Amino acid sequence: MMFLLKLVSAASLAVVAQAFVNQTTCNGNTYTYEELAGVGILPGNDRDEFGDTLGGIGSALALDRSQWKKLPNGSYTGVVWGLPDRGWNTGGTINFQPRVHKFSLLFTPKPDATVANPSGPNLFLTYKETIRFCGPDGTPCTGLDPDGTGHASFDGFPNLPVATYKGDGFGGEGPGGKRISVDAEGLVLNTDGSFWVSDEYGPYIYRFNAQGLMIGAIRPPDAIIPMRNGTESFSANSPTFETGGEGDVVYPPDNPTGRSNNAGFEGLAASGDGKTLWVLLQAAANQEGGLDKQTRRYARLLKYDVTKPDSPRYTREFVVPLPLYNDRTAKPSKNPKSAAQSEIFHIQNERFMVLSRDSNAGHGAENTLSEYRQIDIFDITGATDVKGKTYDCATCGIASNKGVLKEGITLATYCPLIDFNVNSQLGRFGLHNGGEQDAGLLNEKWESIGIVPVDGLLGDDDEWFVFSFSDNDFITQDGYMNGGALPYKDASGQFPLPVLI
């Protein structure tokens, strides 16, 4: 989906359009969500050049600003990269090779669309190519859950998560082997064609060259590394497809410290000049309340200087308070809950967009009504830099295991902005939040942010289109993995769940 956004200083509010959906002022900067600008649909049973289902591309996106152009007829063209995570895994993790997909896009604004006279899709993607990720030695990476103990070792790299698998890693015959495990969630496109990719397993930040070869890896402070029984343990306790996706694969199932299972580095962003990386945990680390949705509010934001990408430098760290919402399906004692974040985008200086949402609500999910699904703003101006031995050791925490923030820490300022769930906007494109499980119901998982200027040039008027893609978890009754050799039908019974864009 695409949203039309205006960014202005508080002193310039007179220039903001009179009609808007929402407006917020955060640390003196005003942001105006004007309207839902566009919607697209990518069929859930499309396949990539390697024969695999082209699903899940909304885990992250990267728009190539150099290719964004406004045409004389008012339409726009561009290039966007979409990142899937660890492949189809609703029945257990598989030996899916992580990858990134390239698309061309065409967008034609429909500002006159109304609920009474809705527009059809006005954002179209055309698949171009796929780059698959490999380890430093050229061995393909994998989406399989890492081993509970042990790691892969390469000169110049930290200990890397590794999965040992039998057969072909898809439940079939084969020689077995070991591969570096990557659950890709964040994406930055560099000017030299290389990529920064953040993942959930490590959680690490990886650097891949334009051909998909791993050429670098950033390991975060020990407070974020998952630990079990006194040693690093990269497993997310995610059983494999071969075992039917059932049972615990590691003990204890939940690591006492470090990132929570399947809640690693969801958010990754770069500064405009590409010299700085920012990465945000999906929610609190386990020793800081991460094991409970009511206490996992305080997420760590890390800053890295990548002026020299071969030798990244950890420079600062802040705490972002995730938003709270009431889950109407839960008991009062289980509310409010923290909405985990799925992506960040660096706006400028110390200002960011962040996509925070609830779960299990939307197309294909148990419930149809989402309570919180938003792209918000946070600002770290004046926030405490917590980098250092006080908070970064393996057993250190910026909060207690009940989620109580340590004294003396000033949080980032958090401000709500773009609500995906506004039916008066969704209805202008035939979509809705809540109600029937039909083709118009909004997908559950929105996990990406990208912005491009409305003027098609530099954005000097501070008016921007904000993109977000959904992650459909590769759900289809007509799916293929393992280079097309493994046909599958998702147990949910859902027909091809489209990737809403």
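When I call a residue buried, I mean that its relative accessible area is under 20%, whereas exposed means over 50% and partly exposed lies in between, with a 1.4 Å probe and protein chains only. By that rule I224, at 0% relative accessibility, counts as buried, and I would like to begin from that residue and work outwards.

Before that, a word on conventions. What we have is a predicted model, in which local features need pLDDT of at least 70 and side-chain atom pairs count only at pLDDT 80 or more, while totals for chains, interfaces and linings use all residues. Residues are numbered from 1 along each chain as its sequence is written, and side-chain values use heavy atoms, with hydrogens and water left out.

I224 sits in the loop between β15 (214-218) and β16 (227-228); helices (H or I, at least four residues) and strands (E, at least two) are DSSP runs, numbered from the N terminus. What does I224 touch, once its neighbours within four places in sequence are left aside? Taking contact as heavy atoms within 4.5 Å, I224 meets P203, G258, R259, F265, L281, R300 and L302. As for K102, it is 122 residues from I224 in sequence and 31 Å from it in space, C-alpha to C-alpha.

One of those contacts of I224, P203, leads us to the next region, since P203 is found in the loop between β13 and β14. G202 and P203 are joined by a cis peptide bond, with omega about -10 degrees. There is a cis bond between Y251 and P252 as well, where omega is about -5 degrees, and P252 has its place in the loop between β17 (231-232) and β18 (265-270). As background, most peptide bonds are trans.

Now to strand β13 itself, residues 195-199, of which five of the five are buried, so the strand is largely enclosed by the rest of the structure. Both of its faces are covered, with F195, V197 and D199 buried on one side and W196 and S198 buried on the other. Which strands pair with β13 in the antiparallel sense? Two strands pair if DSSP finds at least two bridges between them, and on that basis β12 (residues 184-189) pairs with β13 over five bridges, while β14 (residues 205-208) pairs with β13 over four. Within these pairings, L189 has F195 as its bridge partner in β13, and W196 has R207 as its partner in β14. The hairpin of β12 and β13 has five residues between the strands, and G193 there takes a positive phi near 90 degrees; a hairpin of five residues also joins β13 to β14.

Strand β3, residues 29-38, offers another enclosed element, because 10 of its 10 residues are buried. Five bridges join the antiparallel strands β2 (residues 22-26) and β3, and T32 in β3 is the bridge partner of Q23. Their hairpin has two residues between the strands, and N27 takes a positive phi near 50 degrees in it.

That brings me to backbone angles elsewhere. Most residues other than glycine have a negative phi. N229, although not a glycine, has a positive phi of about 55 degrees; this residue lies in the loop between β16 and β17 and, at 64% relative accessibility, counts as exposed. N482 likewise has a positive phi, near 55 degrees, and belongs to the loop between β30 (479-481) and β31 (486-488); with a relative accessible area of 29%, N482 is partly exposed.

Let me also mention T276, which lies in strand β19 (residues 276-281). Is T276 buried or exposed? At 15% relative accessibility, T276 counts as buried, and beyond residues up to four places away in sequence it touches A269, A270, S271, K303, Y304 and V306.

Finally, the whole protein. There are two helices and 32 strands, and buried residues make up 60% of the 501 residues. The radius of gyration, taken over C-alpha atoms and set against a globule rule of 2.2 Å times the number of residues to the power 0.38, is 21 Å, which agrees with the value near 23 Å for a compact globule of 501 residues. Along its principal axes the C-alpha trace spans about 60 × 55 × 50 Å. Of the contacts between residues at least 6 apart in sequence, 65% join residues at least 24 apart.
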